[in-house]
Amino acid sequence: MKIKRIAAMLLAGVLTMGLCSCSNSNNSSTADSNSSVDNSSVADESSAADDTSTEGGDWQYIADKGTFVAGITLFEPMNYYDENGELTGFETEFTKAVCEKLGVEAKFQEIEWDKKEIELNAKTIDAIWNGLTVTEERKENMAFSESYVRNKQVVVIKVDNKDKYTDEASMAGASCAAESGSAGQSAIEASEVLSQNEFIGSSAQKDVLLEVKSGTVELGVLDYVMAKASIGEGTDYNDLMIVEGVELAPEEYAIGMRKGDTETVAKVNGAIDELVADGTLKALAEKYGLADVYAFDN
């Protein structure tokens with residue numbers, strides 16, 4: 001009887017160990033399975049979060065942080081510092097007006113113009129908002145708002161050279177400058193005459209004027225909007241002039257946002273439409289001498 005009881009006890013122990021082993025094995029399998037599902041879910045959510053900046057928009061990202069960061073360069077009359085050291089200009093006030101409609105705070109970040117797409121995609125800025133010319137090439141890399149200025153590229157020379165440079169043909173062989181990566185550089189490259197000339201790239205459009213004034217180059221190619229606001233009587237460039245009748249490339253200004261960001265583009269366009277309807281945008285254009293290029297009247 002004693003032997004039978006010992007055998008029975010041993011058998012019960014083996015069965016108990018087997019059941020525990022099965023139970024532990026099942027728990028481990030369930031834990032691994034749940035971990036795999038959770039990781040997959042996290043990965044999917046992360047992927048979905050990444051997709052919001054490229055497919056549909058990242059407006060929620062902007063709304064959550066409460067600020068809309070405009071990437072700018074100093075470009076009178078668009079964005080510049082007044083005599084009190086305050087940032088002002090058509091684009092500055094335009095940005096603030098749109099952001100007020102959207103319920104976010106406008107912030108401004110100076111950027112290097114030839115790195116603007118990098119800044120935009122890295123989310124250092126939320127938009128390129130500084131006399132940005134709409135081109136087919138740029139449409140491949142960013143989304144655009146509706147256009148608000150119809151501009152053109154012009155040639156700036158010293159007044160002393162007004163009889164020397166009268167048309168594009170007369171500019172053959174003359175050295176020229178434009179802001180690197182700008183519509184001015186593209187206009188030079190597209191010109192049969194100017195594309196053959198010596199070219200100097202500048203870091204900003206204001207530097208193009210300095211190049212011409214100092215005599216480093218003979219021709220400066222830049223936006224009509226900036227040129228007419230920066231040269232002539234009463235300015236630091238009263239010895240410079242625009243060559244009449246030479247318009248290298250008609251163009252339009254719009255706000256550049258991240259590629260695929262349809263939601264933010266739609267919201268910005270809606271705010272622009274309201275500013276057009278109530279006359280605010282036209283008043284700003286007149287204030288900063290842009291009435292002749294204001295897109296909604298032309």
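This section describes the overall make-up, the five-stranded sheet, the packing and selected residues of a predicted model.

The protein holds 10 helices and 12 strands. Of its 298 residues, 42% count as buried. The exposed surface comes to about 15,400 Å². Carbon and sulfur atoms supply 49% of that area. Among contacts with a separation of 6 or more, residues 24 or more positions apart account for 72%.

One open sheet has 5 strands. Their order is β9-β8-β10-β7-β11, and the pairing is mixed. Strands β9 and β11 stand at the edges. Each has a single partner strand, so one side of each is left without a neighbour in the sheet. On average, neighbouring strands of this sheet are turned by 25 degrees against each other, direction ignored. Helix α6, residues 183-190, packs on the sheet. This helix touches β7, β8, β9, β10 and β11. The direction of α6 makes about 140 degrees with that of β8.

Strand β10 spans residues 219-223. All 5 of its 5 residues are buried, so β10 is largely enclosed by the rest of the structure. Its pairing with β8, residues 176-179, is parallel and runs over 2 bridges. Here Cys 176 stands opposite Leu 219. Ala 177 has Gly 220 of β10 as its bridge partner. Pairing between β10 and β7 is antiparallel and covers 4 bridges. Val 154 is matched there with Leu 222 as its bridge partner in β10. For Val 155, the bridge partner in β10 is Val 221.

Strand β7 runs over residues 149-158. This strand is mostly covered, with 7 of its 10 residues buried. Besides β10, strand β7 pairs with β11. The β7 and β11 pairing is antiparallel and extends over 9 bridges. Within it, Lys 158 stands opposite Leu 240 of β11.

Helix α7 covers residues 205-214. Its buried residues are Gln 205, Asp 207, Val 208, Leu 209, Glu 211 and Val 212. Their cover includes the sheet strands β7, β8, β9, β10 and β11. Helix α8, residues 224-230, is also part of that cover. An α-helix has 3.6 residues a turn, so residues three or four places apart point the same way. After α7 comes Gly 215. The phi of Gly 215 is positive, near 85 degrees.

Nonpolar packing was examined next. In soluble globular proteins, nonpolar side chains tend to be buried together. The largest nonpolar core in this model has 53 residues. Phe 90, Phe 94, Val 98 and Tyr 148 touch the most other members of that core. Helix α3, residues 90-102, gives the most to this core, with 6 residues. Another core, of 15 residues, lies apart from it. Val 155, Ile 157, Ala 178 and Val 246 are among the members of this other core. Of these, Val 155 also takes part in the pairing with β10, through Val 221.

The cysteines were considered for cross-linking. A disulfide is a covalent bond between the sulfur atoms of two cysteines. With a cut-off of 2.5 Å between cysteine sulfur atoms, the count comes to 0 disulfides. Cys 99 counts as buried, because its relative accessibility of 1% is under the 20% limit. Cys 176 has 0% relative accessibility and likewise counts as buried. Cys 176 is also the residue that stands opposite Leu 219 in β10.

A contrast in exposure is given by Asn 141. Asn 141 lies in the loop between α5, residues 136-139, and β6, residues 142-144. Asn 141 is partly exposed, with a relative accessible area of 39%. Along the chain, Asn 141 and Gly 260 are 119 residues apart. Their C-alpha atoms are separated by 9.3 Å.

Conventions:
Residues are numbered from 1 along each chain as its sequence is written. This is a predicted model: local features need pLDDT of at least 70, side-chain atom pairs count only at pLDDT 80 or more; totals for chains, interfaces and linings use all residues. Side-chain values use heavy atoms; hydrogens and water are left out. Buried means under 20% relative accessible area, exposed over 50%, partly exposed in between (1.4 Å probe, protein chains only). Two strands pair if DSSP finds at least two bridges between them. Contact means heavy atoms within 4.5 Å. A nonpolar core is a set of buried Ala, Val, Leu, Ile, Met, Phe, Trp, Tyr and Cys residues joined through side-chain atoms within 4.5 Å. Accessible areas come from the Shrake-Rupley method with a 1.4 Å probe; for residues, only the protein chains shown count as cover. Axes are lines fitted to C-alpha atoms, for helices over the stretch in contact, and angles run from 0 to 180 degrees between N-to-C directions.
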